[in-house]
Amino acid sequence: MPSENLKNIKTELLSNNYYTLNKLTFDYKLSNGNWVTQVRECYDRGDGAGILLYNKEKGTIILTKQFRMPTFLNDNKDGLLVEICAGMLDKDNPEACIIRETEEEVGYRLKEVKKVFEAYSSPGVMTEKMHFFIGEYTDAMKVNEGGGLESEHEDIEVLEMPFENAITMLNNGEINDTRTIVLLQYALIHKLV
């Protein structure tokens, strides 16, 4: 969709290894009416989906823990991050994606999930939009141990814990993944657990 405040967009491919990194040069009309030329790098990795799994009866939730190199490079001493179950859409619809990822990562087969919102992850540099879900699980839904796909070299630890423990971890700074924080706060606001 063209914008009357945007023209002369030039795209230069910088990298196309795993995802796509482009350098964009464009003219943008400021709110004062002046046109300026801006240069931005834009990383396109596709869209993703994430879910907070909760069990009302037990008062528990399921999170994951895995190594994330970018966090290691930015002050996370061991690179391990506690986060929600999540994955890339890979051209799938968001609901099908998160049901698939839930079984692969944490070993639970969900029949239904509820989408609560969608949001851009880091709009200054990435095209990614995350689709956020919640899903109620029971012990009867467990079909395997989870841990991720061996073919993708995933090494995911499954963490089932009382909801209160997760909130304590959040308040202590032990959970610092934005997606996870958002869904934990959603759970608090809506009294899911």
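**Secondary structure**

I counted the elements of the protein and got four helices and ten strands. The model is a predicted one. I then wrote down the order of the elements from the N terminus: β-β-β-β-β-α-β-β-α-β-β-β-α-α.

**Overall dimensions**

I took the box along the principal axes, and the C-alpha atoms fill roughly 60 × 40 × 35 Å. I looked up burial next: of the 193 residues in the protein, 37% are buried. For contacts between residues at least 6 apart in sequence, I noted that 56% join residues at least 24 apart.

**Helices α3 and α4**

How do α3 and α4 pack, and at what angle? I have α3 at residues 163-171 and α4 at residues 178-189, packing at about 130 degrees with axes 11 Å apart. An angle over 145 degrees would count as roughly antiparallel and 65 to 115 as roughly perpendicular; α3 and α4 are therefore oblique to each other. I recorded the crossing of α3 and α4 as left-handed.

I listed the residues at this contact. From α3 they are F163, A166, I167 and L170. These meet I181, L184, A187 and L188 of α4.

**L183**

I stayed in helix α4 for L183. Is L183 buried or exposed? L183 is buried, because its relative accessible area is 0%, and the cut-off for buried is under 20%.

I then asked which residues L183 touches beyond its neighbours within four places in sequence. The contacts are G50, I51, L52, I84, V116, F117, F132, F133 and I134. I also took the C-alpha distance from L183 to L53, which is 9.8 Å across a sequence separation of 130 residues.

**T102**

I went to helix α2, residues 94-106, where T102 lies. T102 has 0% relative accessibility and so counts as buried. With residues up to four places away in sequence left out, I found T102 touching I51, L53, C85, G107, Y108 and L110. I51 is also one of the contacts I noted for L183.

**L21**

I placed L21 in strand β2, which covers residues 20-29. The relative accessible area of L21 is 23%, so I entered L21 as partly exposed; the limit for buried is under 20%.

Leaving out residues up to four places away in sequence, I found L21 touching E12, L13, L14 and S15, and also E41, C42 and Y43. For a long-range check I took L21 against V143: the two are 122 residues apart in sequence and 38 Å apart in space, C-alpha to C-alpha.

**Aromatic rings**

How many aromatic pairs does the protein have? I count six aromatic pairs. I looked at F67 and F72, a tilted pair with 6.2 Å from centre to centre and 45 degrees between the planes. F67 is partly exposed at a relative accessible area of 42%, and F72 is partly exposed at 39%.

I also noted that Y18, Y19 and Y43 form one aromatic cluster. Y43 had come up earlier in my list of residues touching L21.

I checked for a charge over a ring and found K7 over the face of W35, at 4.2 Å from the ring centre.

**Positive phi**

I looked for positive phi in residues other than glycine. N8 has a phi of about 55 degrees and is not a glycine. I placed N8 in strand β1, residues 6-15. N8 is partly exposed, with a relative accessible area of 46%.

K191 also went into the notebook, with a positive phi near 50 degrees in a residue other than glycine. Where is K191? K191 is in the segment after α4. K191 counts as exposed because its relative accessibility is 65%, and the cut-off for exposed is over 50%.

**S151**

The last residue I looked up was S151. S151 lies in the loop between β9 (129-136) and β10 (157-162). I entered S151 as exposed because its relative accessibility is 62%. From S151 to F117 the C-alpha separation is 30 Å, with their positions 34 residues apart along the chain. F117 is also among the contacts I listed for L183.

How values were computed
Residues are numbered from 1 along each chain as its sequence is written. This is a predicted model: local features need pLDDT of at least 70, side-chain atom pairs count only at pLDDT 80 or more; totals for chains, interfaces and linings use all residues. Side-chain values use heavy atoms; hydrogens and water are left out. Rings of Phe, Tyr and Trp (its six-membered ring) pair if their centres lie within 6.5 Å; planes under 30 degrees apart count as stacked, over 60 as edge-to-face and the rest as tilted. Buried means under 20% relative accessible area, exposed over 50%, partly exposed in between (1.4 Å probe, protein chains only). A charge sits over a ring if NZ of Lys or CZ of Arg is within 6 Å of the ring centre and within 35 degrees of the ring normal. Axes are lines fitted to C-alpha atoms, for helices over the stretch in contact, and angles run from 0 to 180 degrees between N-to-C directions. Helices (H or I, at least four residues) and strands (E, at least two) are DSSP runs, numbered from the N terminus. Angles under 35 degrees count as roughly parallel, over 145 as roughly antiparallel, 65 to 115 as roughly perpendicular and the rest as oblique. A crossing is left-handed if the near helix is turned anticlockwise from the far one by less than a right angle, and right-handed if clockwise. Contact means heavy atoms within 4.5 Å.
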